[in-house]
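Q: Hi! I'm new to reading protein structures. Could you walk me through this one?

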Amino acid sequence: MKKIEKYNLRYMIEHCEIPVCYVNELPETELLLIVDGQYKQGNVEKFDAPEIAVIDHHICVQEENERTLIAPNYQSCSTIIWELLEEEGYPVKGNEKLCVALLFGLFIDTASFYDLYGDKDIKMRLALSGEYPLFDRLIKSCMTVAELMIVSDAMYNHYFEYRKKFAVVSALKCDQSILGIIGDFVIQVDRILVNFAYTEINGGYQISIRSCDNKILANQLANGIFLSLVIFFSALATSRSKSL
């Protein structure tokens, strides 16, 4: 796991006054709450605790219980958090910095709102809409000059399949967020419905999938690719063991 490096996220944390920090260890606690991720998954640092609670919007890959709220039908975890706050009677609209943070989360998860189609996610956007100079600043500052060069280079390393309406883009080593920016850009091409952007990292590959077709969900595609790779490598390992 890494510290938060993306400029606009650090800017949001500072100006929205979000009390968050990076840690390598935690003191003993009775409850560990994981938001926008799932326990023991690759993008979540593993800490032990007697009780683990999860709030997430990705495909469920862990055992569920009374302390898990995993809802893949939501496009953003921000929307789930908003609904939970509303249920508790908290006046979200009256907290401008909280509105900005929630809207920015939705903005990131829906390809700059271009891929926004979920009824509940649309409802949150409408409910929290307003004039927020901080939000405008966040969405217009998302990369460094070096990252801009990576994005520019990636545009020359692409494969477009116009008949099947998808694209595959290779990028130099970069952060997941930059892959997302590449995907957000390519998905705007009128004949592209799905984009796969990838980069080599730590001896493997990191991918980002974008879709502008509500019948082709990006998280389901990612899950399908993962399962296909598991099946492929399992079969390969079995074949090799038999040959030995």
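A: Happy to! One term to start with: a residue counts as buried when its relative accessible area is under 20%. Also keep in mind that this is a predicted model.

Q: Okay, so which residues of helix α2 are buried?
A: In α2, which covers residues 77-87, the buried ones are C77, S78, T79, I80, W82 and E83.

Q: And what do they pack against?
A: They pack against three strands, β1 (31-35), β2 (51-56) and β3 (68-70), and also against the helices α3 (96-109) and α4 (119-128).

Q: What caps the N-terminal end of that helix?
A: That's S76: one of its side-chain oxygens lies 3.1 Å from the backbone nitrogen of S78. After α2 comes G89, which has a positive phi, near 85°.

Q: You mentioned β1. Which of its side chains are buried?
A: L32 and I34, which point to one face. L31, L33 and V35 point to the other face and are not buried, giving an alternating pattern.

Q: How does β1 pair with β2, parallel or antiparallel?
A: Parallel, over five bridges. Within β2, A53 stands opposite L33.

Q: New topic: what's the strand order in the open sheet of four strands?
A: The order is β4-β5-β6-β7, and the pairing is mixed. β4 (158-161) and β7 (204-211) are the edge strands, each pairing on one side only. On average, neighbouring strands there are turned by 15° against each other, ignoring direction.

Q: How many bridges join β6 and β7?
A: Eight, in the antiparallel sense, with β6 spanning residues 194-201. For instance, N195 has R210 in β7 as its bridge partner.

Note on methods: Residues are numbered from 1 along each chain as its sequence is written. This is a predicted model: local features need pLDDT of at least 70, side-chain atom pairs count only at pLDDT 80 or more; totals for chains, interfaces and linings use all residues. Side-chain values use heavy atoms; hydrogens and water are left out. Two strands pair if DSSP finds at least two bridges between them. Helices (H or I, at least four residues) and strands (E, at least two) are DSSP runs, numbered from the N terminus. Axes are lines fitted to C-alpha atoms, for helices over the stretch in contact, and angles run from 0 to 180 degrees between N-to-C directions. Buried means under 20% relative accessible area, exposed over 50%, partly exposed in between (1.4 Å probe, protein chains only). Contact means heavy atoms within 4.5 Å. A polar contact is a pair of N or O atoms within 3.5 Å; within protein, one must be able to donate a hydrogen and the other to accept it, and residues adjacent in sequence count only if both atoms are side-chain atoms.
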